[in-house]
Structures are given as structure tokens and as C-alpha cells.
Amino acid sequence: MTEYVTADAPLTRTGAIRLHRPEDFEGMRRAGRLAAEVLDAVVPHMVPGVTTAEIDDIVHRTVEAAGGIPATLGYRGYTHSSCISINHVVCHGIPGDRVLKDGDIVNVDVTPILDGWHGDSSRMYLIGDVPLKAKRLVEVTYECLMLGIEQAKPGNHLGDIGYAIQKHAEKHRFGVVRDFCGHGLGRLFHDAPEVVHVGRPGTGPELRPGMFFTIEPMINIGKPDVKLLDDGWTAVTRDRSLSAQFEHSIGITEDGCEIFTLSPRGFDKPPYA
Ligand code: MF3
Ligand code: CO
Ligand code: CO
């Protein structure tokens, strides 16, 4: 049975779903806006020849200049400010000396903490000339995220979100990754509930005002299966097919939801020209 708790419940992950107060939305708004600004700030640098370590450095500096801290720094032994996942990397790509090259599709995922609140968001970037099939994957993945968000309203269930995402992806014969989910967040980075990106309508926890969570579908051109590389972080598609992901942090309101991580510049999906 789903348990819901109020904002004054202890700040540990118990499996209960936290219902935040109206004043907590302001904290998430600020953290979410910073996440979006960081993803806007890297746009001019997502070009051939730049290394992923350089992108990570820009993320680090932009977050700290705004008075935030990257949540991933020191998180479970992770030592970078972002995850950067290229082509067949599904998620949790580690920034390093890999150089962006023409035709790459790249996800940058950032989670600044601002005044204790976590803003978690990721977007895809197209490097130079990207083949049509890859561009279609990116477009459909963005549509999956937004169709999921459309279902995020009181009285609906998490299964309605997963169903909308899965239906759209599979209509295009793409595979929905099962091994990673969205998650509750707020003062914690990863909290209940797990937001699975597949499902059946009317199943799973009911959505209530004050729930904060991410939706972050990972969609593959091929099969859903992933494998973890020896570094313990990098997840790749087993069939080496291309993978894409977008992520927003949202809060359930009385009549729908608020997206905390919208781009102030309208750079929510490529092209960002
Ligand atoms: N930002 C990722 C998410 O969407 C989590 C990254 S955790 C890390 O939940 F340690 F891999 F950075
Ligand atoms: Co997330
Ligand atoms: Co993220």
C-alpha cells in the first residue's frame, strides 16, 4: 500500500511519498530554474572538438557561480558535476577526455542543489550533422517526456504516466529502458516514488498535490536492455543501438503539475539555434 507523509516527516528515504507544502514549491522553482540555466549555458559548447570534461567544468562553474552545489559531486563515489551520455550510452556517462564529434547525440544531466532543494534535468544535444534516424529518436523521446507530463495530475496514477510514454515509444518501434526510473526528489536527491516509464493505466500510486518527482524516459532505437560498463556507472544499450533521454522535475498541483526545469530561453529541445 502506498504511504504518504507530510513535509515535516524525517528526511530519510522510508518508501513513503512526501507531500510538500505550497511554500516548498518556491524552493524547487529556484533549484529547477538553475538546472535549466545550466543546460542553457552549455549550448554554445556542444560542438565538435570539445571534451566532455570541459562541458562538466562549465556545469560545475555555472552551478557554483549561482550559489549552488552539484548533487552528483561525491554522490555514492561519483566525482563529477554532470553525467554526459553519448550515442549508445543510456545514462550515467562519466565526463572525461572523449571529444564531441560530428553526428553525436549527447545527453547532459545536471542536478544543482540550491538552498537544500534539488533541481534535476537533462536534455539531448545534436552535434553537427546528425542522421535523420537519430534526430527522430531524440524528437520522439522528448514527446514521450511531455506526454508523460500531460498525465501528471491529481487523481491519475503513476501507471498513467508510464503507459503514455510506453505507448508512444513503441508506436515508433523504439524500446523503453526498464532498468532506470524517475524518482521523487526535493530536499532528497532520490526519494520515493520510483517513476517507471512503462505501465498500465490506473495502476501504481495515485498522484496527489505536493508530490515532487522527475520523469526521465530513456528510449532506445533497439531493444530496452542495458549493460553496465566496468567503471560501475556507464550504462549502454546491449545491442549498441542509439539511446536518448530528457528529464524534467515537476510538482503536482491542485489541477495538474508545474514543471520546475523549463528553459528560460525556450531551449527545451533541439535545435537550440
Ligand atoms: N541525475 C541523475 C538522475 O536523473 C542521477 C545521476 S547520479 C550520478 O537521477 F551519480 F550518476 F551522477
Ligand atoms: Co533524475
Ligand atoms: Co538527472
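**Exercises: salt bridges, a helix and two cobalt ions**

E26 has a relative accessibility of 36% and counts as partly exposed (buried is under 20% relative accessible area, exposed over 50%, partly exposed in between, with a 1.4 Å probe and protein chains only). The model is predicted, with local features needing pLDDT of at least 70 and side-chain atom pairs pLDDT 80 or more, while totals for chains, interfaces and linings use all residues. Residues are numbered from 1 along each chain as its sequence is written, chains are lettered from A and ligands numbered from 1 in written order, and side-chain values use heavy atoms, leaving out hydrogens and water.

**Exercise 1. Find the salt-bridge partners of R29.**

Step 1. Start with E26: its side chain meets R29 in a salt bridge at 2.8 Å, N to O (the criterion is a side-chain nitrogen of Lys or Arg within 4 Å of a carboxyl oxygen of Asp or Glu).

Step 2. Check the spacing. R29 and E26 are three residues apart in helix 1, which means about one helical turn between them (helices are DSSP runs of H or I with at least four residues, strands runs of E with at least two, numbered from the N terminus).

Step 3. Look further along the chain. R29 also pairs with E258, the closest N and O atoms being 2.6 Å apart. That pair joins distant parts of the chain, with R29 in helix 1 and E258 in strand 19 (residues 257-259), 229 residues apart.

Step 4. Now check R29 itself: at 29% relative accessibility, R29 is partly exposed.

Step 5. Widen the search, and the whole structure gives eleven salt bridges. One of them joins E23 to R21 at 3.8 Å, and R21, E23 and D24 are linked in a network.

**Exercise 2. Work out which residues of helix 2 are buried and which are exposed.**

Step 1. Test the length. Helix 2 (residues 52-65) has 14 residues and should span 20 Å at 1.5 Å a residue; its end C-alpha atoms are 20 Å apart, so the two agree (the expected span is 1.5 Å times one less than the number of residues).

Step 2. List the buried residues: T52, I55, D56, I58, V59 and V63. They cover an arc of only 155° around the axis, so they sit on the same side of helix 2 (the arc is taken from the directions from the helix axis to the C-beta atoms).

Step 3. Turn to the other side of helix 2, where R61 and A65 are exposed.

Step 4. See what covers the buried residues: the cover includes helix 1 (22-41), strand 4 (82-86) and strand 6 (105-110) (contact means heavy atoms within 4.5 Å).

Step 5. Past the helix comes G67, with a positive phi near 85°.

**Exercise 3. Describe the two cobalt sites.**

Step 1. For ligand 3, the protein donors are D109 (OD), D109 (OD), D120 (OD) and E247 (OE), at 2.0 to 2.4 Å (donors are N, O and S atoms within 2.8 Å of the metal, or 3.2 Å for Na, K and Ca; water is not among the atoms, so sites may look incomplete).

Step 2. For ligand 2, they are D120 (OD), H183 (NE2), E216 (OE) and E247 (OE), at 2.0 to 2.2 Å.

Step 3. Judge the geometry. Six donor atoms around ligand 3 subtend angles of 58 to 168°, so the arrangement is irregular. Around ligand 2, six donor atoms give 52 to 160°, so that arrangement is irregular as well (four donors are tetrahedral if all angles lie between 85 and 135 degrees; four are square planar and six octahedral if opposite donors are over 155 degrees apart and all others between 65 and 115; anything else is irregular).

Step 4. Link the sites: the cobalt ions are 3.3 Å apart, and D120 coordinates both.

Step 5. Finish with accessibility: D120 is buried at 2%, and E247 is buried at 1%.
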